[in-house]
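Got the viewer open? Let's take a walk through this one together, one selection at a time.

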Amino acid sequence: MTSLTPMTFAQTDIEKIADHDGRVAVTVDATGKMNPAARRINKLTKGALERLVQSAAFAELKSGDVLSMGYPTGMAAEAVDVVKLANNADVTDLRKAGANLAKKRGTSDLLVLAGGLRKAAELCFGLAMRDYTFEDRKSNGKPRKGAVTVMASKPEEVEAAAAPLLAIADGAFMTRDLTNEPANFLTTTEFADRLAEMKSIGLEVEVLDDAKLEELGMRTLLSVGQGSDSPSYVVVMKWNGGEKDAAPLALVGKGVVFDTGGISLKPGAGMEDMTMDMGGAGVVAGVMRSLALRKAKANVVGLVGIVENMPSGAATRPGDVIKSMKGDTVEVVNTDAEGRLVLCDVMWYAQERFKPVGMIDLATLTGAIIIGLGHENAGVFSNNDALCNAFLKAAGTENEGAWRMPMGDGYDKLLKSRIADMRNIGGRAGGSISAAQFLGRFVKDETPWIHLDIAGVASVKNETALAPVGATGWGVASLNRLISDNFETE
Ligand code: BES
Ligand code: MN
Ligand code: ZN
């Protein structure tokens, strides 16, 4: 488990700045006006900070960028990181500033002089989110990370404002760890166990094993896992922080711990990336974790379908017809279109059991969404404009790319089967949309629903604003905001 960098919040202490022997971060506004901490550093360094602030290089920086001054005379610090911030710096600038500090510090101790900075907590969030590396499978152990101290004029206020944000970062770290973890470590059983551990933070967790799933009639889900030696599970996580007995929001995640494609085997090149095919379930887990850690005043239930898609003598064949829990029959034309077979049963179960006020599913569902939207935006599909717009607004605020895609009868027709109620693929054209239409057939008319195809954003090969290469934790922040803005009481 990668734990969040511990942060200490302290009253600004001018004396301690000179003696700090790690890195010291200080903010300077875009006009070059210095706050008391910056003036102190300028004095200690005999005007070096002022020369930096007046340089052409500083002038070229954008709000949130950082310019460093190494081994300054007059200070014990290994470097002073000078953060340029516009007066009207927005959340994205402040988070970027924090992320830049995390990247610069490596493993050094960091002293952040936040002074009276408005929304200093957002800088802390950016720092926390970017201070992540997945080291669990390196044999030489984790590098010891130095401490982070945030000095402010009202440290208690910054700490209180940062607490719910750090709960979100903690949830995103869980998502990233799960998504980065190889499939021989994150087996289906290990995944279920890690979710069950969240009982310790106040979640109710139920693990439904394959006998129970058989009894419930979740045949399409089970048909995906039957080729694997690892058992299939559905895990239900409940957070009841809202009004007693009020219907919850349901989050549903695709948790394919490894997707070989099954008998419709994927090509070898790049197949190793399919360790991230449980990314949707990882986001659901991360959101549930942050809701519990920040004691959200909402009722939310998270359900994940955990399976492994393997070829074997027991595997589902192309052409097999499977009956879903809903009762509709599916012709499995391609065993690599497995995510929808997992989700349709879990979504049906979520609605039957919880009658949710809304349902949001997350899945690394189609390669086609990467062709359409690249790695910048997740595909958003919905049957409900109000819920969809609320989500898009939350994602916009959190700077997590999300782009609405169309749905409609024309796409739905692509799923027609000669021998069953539907087939599980709709062809190459509009592949992400026919996948969404498939899921839509398992959504009741009265359920406001969003499907998020996160195949392009769950794990990336180039770093993003707040994440290094690898799993991003995309969606944890947006879903938290959607919940706090629309589903929390008070
Ligand atoms: N897990 C994949 C989708 C995926 C592709 C996720 C690339 C992340 C990166 C999914 O199960 C899949 O194989 N989809 C097929 C569907 C097709 C057979 C209709 C695809 O996209 O090729
Ligand atoms: Mn697949
Ligand atoms: Zn898959």
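Start by picking out helix H17 and whatever packs over it: the cover on its buried residues includes H7, strand E9 (249-259), helix H11 (279-293), strand E10 (299-309), strand E13 (358-363) and helix H14 (385-398). H17 itself runs over residues 476-486, and the buried ones in it are Val476, Ala477, Ser478, Leu479, Asn480, Leu482 and Ile483. Keep in mind as you click around that this is a predicted model.

**Step back to the domains**

Now colour the chain by domain. The assignment gives domain 1 (7-152) and domain 2 (169-486). Their centres, taken over C-alpha atoms, are separated by 38 Å. Where the two touch, domain 1 puts in 13 residues and domain 2 puts in 18 residues.

**Into the nonpolar core**

Next, select Leu195 and Phe391. In the largest nonpolar core, which has 91 residues, these two touch the most other members. Which helix gives the most to this core? That's helix H7 (residues 155-180), with 10 residues. Both domains take part as well: the core draws at least three residues from each of domain 1 (7-152) and domain 2 (169-486). As background, nonpolar side chains tend to be buried together in soluble globular proteins.

Stay on Leu195 and show its neighbours. Leaving aside residues up to four places away in sequence, Leu195 touches Met174, Val205, Val235, Met237, Ala285, Val304 and Ile306. Apart from this core lies another, of 39 residues; to find it, select some of its members, including Leu208, Leu303, Val307 and Tyr349.

**The two metal ions**

Time for the metals. Select ligand 3, the zinc ion, and show what holds it: Lys254 (NZ), Asp259 (OD), Asp277 (OD) and Glu338 (OE) coordinate it at 2.0 to 2.4 Å. Along the sequence, these donor residues follow the spacing K-x4-D-x17-D-x60-E. Why is the zinc site called octahedral? Its 6 donor atoms subtend angles of 77 to 174 degrees, and that makes the arrangement octahedral. For reference, the ideal angles for six octahedral donors are 90 or 180 degrees.

Now add ligand 2, the manganese ion. Its coordination comes from Asp259 (OD), Asp336 (O), Asp336 (OD) and Glu338 (OE), at 2.1 to 2.2 Å. In sequence the manganese donors are spaced D-x76-D-x1-E. Octahedral or irregular, this one? The manganese site is irregular, with angles of 70 to 167 degrees among its 6 donor atoms.

Put a distance line between the zinc and manganese ions and you'll get 3.2 Å, with Asp259 coordinating both. Asp259 and Glu338 come from distant parts of the chain, 79 residues apart: Asp259 is in strand E9, while Glu338 is in the loop between strand E12 (329-331) and helix H12 (339-354). Asp259 is buried, with a relative accessible area of 3%, and Glu338 is buried too, at 1%. Lys254, the zinc donor, is another buried residue.

**A round of salt bridges**

Finally, look at charged pairs. The count comes to 33 salt bridges, and here are a few to visit.

- Glu15 and Arg40: the closest N and O atoms of this salt bridge are 3.9 Å apart. Glu15 belongs to helix H1 (residues 14-19) and Arg40 to helix H2 (residues 36-44), 25 residues apart. Glu15 is exposed, at 53% relative accessible area, whereas Arg40 is partly exposed, at 23%.
- Arg130 and Glu463: these side chains meet in a salt bridge at 2.7 Å, N to O. Arg130 lies in helix H6 (residues 120-130) and Glu463 in the loop between strand E18 (459-460) and strand E19 (470-471), so the pair ties together parts 333 residues apart in sequence. Arg130 is buried, at 11% relative accessibility, while Glu463 is partly exposed, at 40%.
- Asp412 and Arg441: here the N to O distance is 2.9 Å. Asp412 sits in helix H15 (residues 409-412), and Arg441 in the loop between helix H16 (431-440) and strand E17 (449-453), 29 residues apart. Asp412 is buried, with a relative accessible area of 18%; Arg441 is partly exposed, with 24%.

For the last stop, select Arg95, Glu122, Glu398 and Arg481 together: salt bridges that share partners join these four into one network.

Terms used. Residues numbered from 1 in each chain as written. Chains lettered and ligands numbered in written order. Predicted model: local features only at pLDDT ≥ 70, side-chain atom pairs only at ≥ 80, totals over all residues. Heavy atoms only, no water. Donors = N, O, S within 2.8 Å, 3.2 Å for Na, K, Ca; no water. Tetrahedral: all angles 85-135°; square planar, octahedral: opposite > 155°, others 65-115°. Buried < 20%, exposed > 50% of the residue type's maximum accessible area, 1.4 Å probe, protein only. Helix = DSSP H or I, 4+ residues; strand = E, 2+ residues; numbered from the N terminus. Core = buried A, V, L, I, M, F, W, Y, C linked by side-chain atoms within 4.5 Å. Domains from an automatic or database assignment. Contact = heavy atoms within 4.5 Å.
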